[in-house]
Amino acid sequence: MSTFLSSVAVLLSTLALLCSGYTAYQVFTLQQTLNVASAGNRNATTSTLKTSSSETTAAPNTTSKSPEAPASSSPTTTAQSTASAGSAIKPGEFVQPSFGKKAEVELLSLNRIKDPETRNRDVVNLQMRIRRLATDGINPGESVGVYSTTARNPDTSETYKGVDVKRSTGSVDLSSLRPQASADAYVWLRIPEGVNSIDVFVPDTAAFKNVPVSN
């Protein structure tokens, strides 16, 4: 009986050792599997990061400035600007004798304005200065009829007249002026837009050629 129990005890001890060894082997195998899986995940993550960094670095800069179109000047605008810039009348530029040599007429300005009634810019305000030169010999009735002033297009020969006698000084009587004294006068002329130069005809005065119209 004692021998049988001893044998059973030895057998149980052997089985316990075998179970412990098998359990230890299973634990070791599981640990190795986990280590291999972890290492694979780290390698995959590192590879992904390197690939992303490489793609980011190698990606070309597709943003570029679009070429700017060269600034072009419109011929029409340039022509109009040139005409406007050179259209001012200079002092003493347009002076003509009147009534022989008894007087002289000087054009002061020729400015395009807006018609207050129609709101169109087809009116030109012509300002002039009439100076008496003669000391005597002025006959009664010798006056410069400013209101009768006309103009002509030097290119088309079209004639332009005054807007209304009320839109002018009327006339300047030379006998009312002392020698070397002067009087300023004006008249509105109906001149279409786009006409930048005209010939001016003041009664009893030599003609003024190619007078620029200021816009």
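Ser168 touches Tyr147, Tyr186 and Val187, leaving aside residues up to four places away in sequence. The model is a predicted one. Ser168 lies in a loop, between strand E6 (159-160) and strand E7 (172-173). Is Ser168 buried or exposed? Its relative accessibility is 9%. The cut-off for buried is under 20%. Ser168 therefore counts as buried. The side chain of Ser168 also has a polar partner: one of its polar atoms lies 2.8 Å from the backbone oxygen of Val165.

**The two sheets**

One open sheet has 4 strands, in the order E1-E2-E3-E8, with antiparallel pairing. Its edge strands are strand E1 (95-98) and E8, and each of these pairs on one side only. On average, neighbouring strands of this sheet are turned by 30 degrees against each other, direction ignored. E1 and E2 are antiparallel partners, paired over 4 bridges. Within this pair, Pro97 stands opposite Glu104 in E2.

Another open sheet is also made of 4 strands, and its order is E6-E5-E9-E10. Here too the pairing is antiparallel. E6 and E10 are the edge strands, each pairing on one side only. E6 is also one of the two strands that flank the loop of Ser168. E9 and E10 run antiparallel and are joined by 3 bridges. Ser197 stands opposite Pro212 in E10.

What holds such strands side by side? Strands of a sheet pair through backbone hydrogen bonds, either parallel or antiparallel.

The two strand pairs described above are set out here.

| Strand pair | Sense | Bridges | Residues standing opposite |
|---|---|---|---|
| E1 and E2 | antiparallel | 4 bridges | Pro97 and Glu104 |
| E9 and E10 | antiparallel | 3 bridges | Ser197 and Pro212 |

**The nonpolar core**

The largest nonpolar core has 32 residues. Which of them touch the most other members? They are Leu107, Met128 and Ile198. Five elements give two or more residues to this core: strand E2 (103-113), strand E3 (123-132), strand E8 (182-190), strand E9 (197-201) and strand E10 (208-212). E2, E3 and E8 belong to the sheet with the order E1-E2-E3-E8. E9 and E10 belong to the sheet with the order E6-E5-E9-E10.

Ile198 has a long list of contacts, not counting residues up to four places away in sequence. Among them are Leu110, Ala151, Arg152, Pro154, Tyr160 and Ile191. Ile198 also touches Phe208, Lys209, Asn210, Val211 and Val213.

Methods: Residues are numbered from 1 along each chain as its sequence is written. This is a predicted model: local features need pLDDT of at least 70, side-chain atom pairs count only at pLDDT 80 or more; totals for chains, interfaces and linings use all residues. Side-chain values use heavy atoms; hydrogens and water are left out. Buried means under 20% relative accessible area, exposed over 50%, partly exposed in between (1.4 Å probe, protein chains only). A polar contact is a pair of N or O atoms within 3.5 Å; within protein, one must be able to donate a hydrogen and the other to accept it, and residues adjacent in sequence count only if both atoms are side-chain atoms. Contact means heavy atoms within 4.5 Å. A nonpolar core is a set of buried Ala, Val, Leu, Ile, Met, Phe, Trp, Tyr and Cys residues joined through side-chain atoms within 4.5 Å. Two strands pair if DSSP finds at least two bridges between them. Axes are lines fitted to C-alpha atoms, for helices over the stretch in contact, and angles run from 0 to 180 degrees between N-to-C directions.
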